[in-house]
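Colleague: Could you take me through one part of this model closely, beginning with a loop and then going on to the packing around it? I would like a connected account rather than a list.

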Amino acid sequence: MEIMQVVGLAIVAAVLLVILRRQRPEMAVVLSLVVGLAIFFMVAQRLLAILEFLRELAARARVDSLYLNTILKIVGIAYIAEIGAQVCRDVEETSVAAKVELAGKVLILALAIPIVMAILEAILRVL
Amino acid sequence: MSLNVDLVFQIAIIGIVVSVLNIVLRQSHKEEWAQMLTIAGAVVVLSIVARMVLDLFQTVRTMFQLY
């Protein structure tokens with residue numbers, strides 16, 4: 001089971017982090033980032049399968065691929081921005097973290113504009 | 001997968017070794033060398049993690065079709 005590997009890695013890394021954070025805080029940040037990435041890569045294969053399934057579902061339900069792709073892009077941007085903001089927050093740089101989150105929100109909003117326009121056009125057609 | 005787990009231990013070992021060497025250098029009154037060692041350790045670890053972050057960005061990019 002992959003969950004055992006993930007939990008084992010997380011516990012070992014947490015113990016190492018406790019030792020490292022007192023002596024070398026800058027390396028503790030990098031180590032926690034690497035642990036997060038390692039766990040992500042452990043489940044990446046499964047995540048790809050799930051996304052493939054979602055695409056298949058959308059194709060069967062005849063959902064416009066524009067909408068699904070936009071949603072997936074938004075999820076990707078949100079994930080990346082969250083990682084960056086967490087790393088900044090780990091070293092108590094909350095202002096930089098807030099800016100990263102702001103940038104993520106702006107980019108997500110920019111991606112959502114076509115969908116908002118589509119909804120507006122649909123409403124106008126009904127009225 | 002195991003490569004990433006290896007990287008975790010690699011970084012932890014680098015951190016512990018650097019802090020031990022730091023203590024030794026401080027005891028022998030070589031503060032400036034201890035500072036250099038701290039910076040060098042941070043650079044080495046950052047270069048390791050930069051490659052991994054690039055890997056993550058590529059994966060997320062293909063996964064969510066971000067261009």
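Modeller: His29(B) counts as exposed because its relative accessibility is 66%, above the 50% cut-off for that class. This is a predicted model, and in it His29(B) sits in the loop that links α1 and α2 of chain B, where the residue takes a positive phi of about 60 degrees although it is not a glycine. Chain A offers a second case, Glu92(A), which has a positive phi of about 65 degrees and is likewise not a glycine; Glu92(A) belongs to the loop between α3 and α4 (94-126) of chain A, and with 67% relative accessibility it counts as exposed.

The helices on either side of the loop with His29(B), α1 (2-27) and α2 (31-64) of chain B, each supply at least two residues of the largest nonpolar core, as do α1 (2-23), α2 (25-60) and α3 (65-90) of chain A. That core has 41 residues, of which Leu31(A), Val34(A) and Val8(B) touch the most other members. The greatest contribution comes from α2(A), with 15 residues, and the core takes at least three residues from each of domain 1 (1-62) and domain 2 (64-127) of chain A.

Val34(A) shows how the two chains meet here: beyond its neighbours within four places in sequence, Val34(A) is in contact with Asn4(B), Leu7(B), Val8(B), Ile11(B), Val49(B) and Met52(B). Of these partners, Asn4(B) is placed in helix α1 of chain B and counts as buried, since its relative accessibility is 8%. Leaving out residues up to four places away in sequence, Asn4(B) touches Val34(A), Ala38(A), Phe41(A) and, within its own chain, Met52(B).

Within chain A, α2(A) also packs against α3(A), at an angle of about 170 degrees and with the axes 13 Å apart; because an angle over 145 degrees counts as roughly antiparallel, that is how these two helices are described. The contact brings residues of α2(A), including Leu33(A), Leu37(A), Phe40(A) and Arg55(A), together with residues of α3(A), among them Leu72(A), Tyr79(A), Ile83(A) and Asp90(A). Sorted by class, the residues of this contact are twelve nonpolar, two polar and two charged.

At the level of domains, the assignment for chain A gives domain 1 (1-62) and domain 2 (64-127), whose centres, taken over C-alpha atoms, are 22 Å apart. Ten residues of domain 1 of chain A are in contact with nine residues of domain 2 of chain A.

Note on methods. Residues are numbered from 1 along each chain as its sequence is written. Chains are lettered from A and ligands numbered from 1 in the order in which they are written. This is a predicted model: local features need pLDDT of at least 70, side-chain atom pairs count only at pLDDT 80 or more; totals for chains, interfaces and linings use all residues. Side-chain values use heavy atoms; hydrogens and water are left out. A nonpolar core is a set of buried Ala, Val, Leu, Ile, Met, Phe, Trp, Tyr and Cys residues joined through side-chain atoms within 4.5 Å. Buried means under 20% relative accessible area, exposed over 50%, partly exposed in between (1.4 Å probe, protein chains only). Helices (H or I, at least four residues) and strands (E, at least two) are DSSP runs, numbered from the N terminus. Domain bounds come from an automatic or database domain assignment. Contact means heavy atoms within 4.5 Å. Axes are lines fitted to C-alpha atoms, for helices over the stretch in contact, and angles run from 0 to 180 degrees between N-to-C directions. Angles under 35 degrees count as roughly parallel, over 145 as roughly antiparallel, 65 to 115 as roughly perpendicular and the rest as oblique. Ala, Val, Leu, Ile, Met, Phe, Trp, Tyr, Cys and Pro count as nonpolar, Asp, Glu, Lys and Arg as charged, and the others, Gly among them, as polar.
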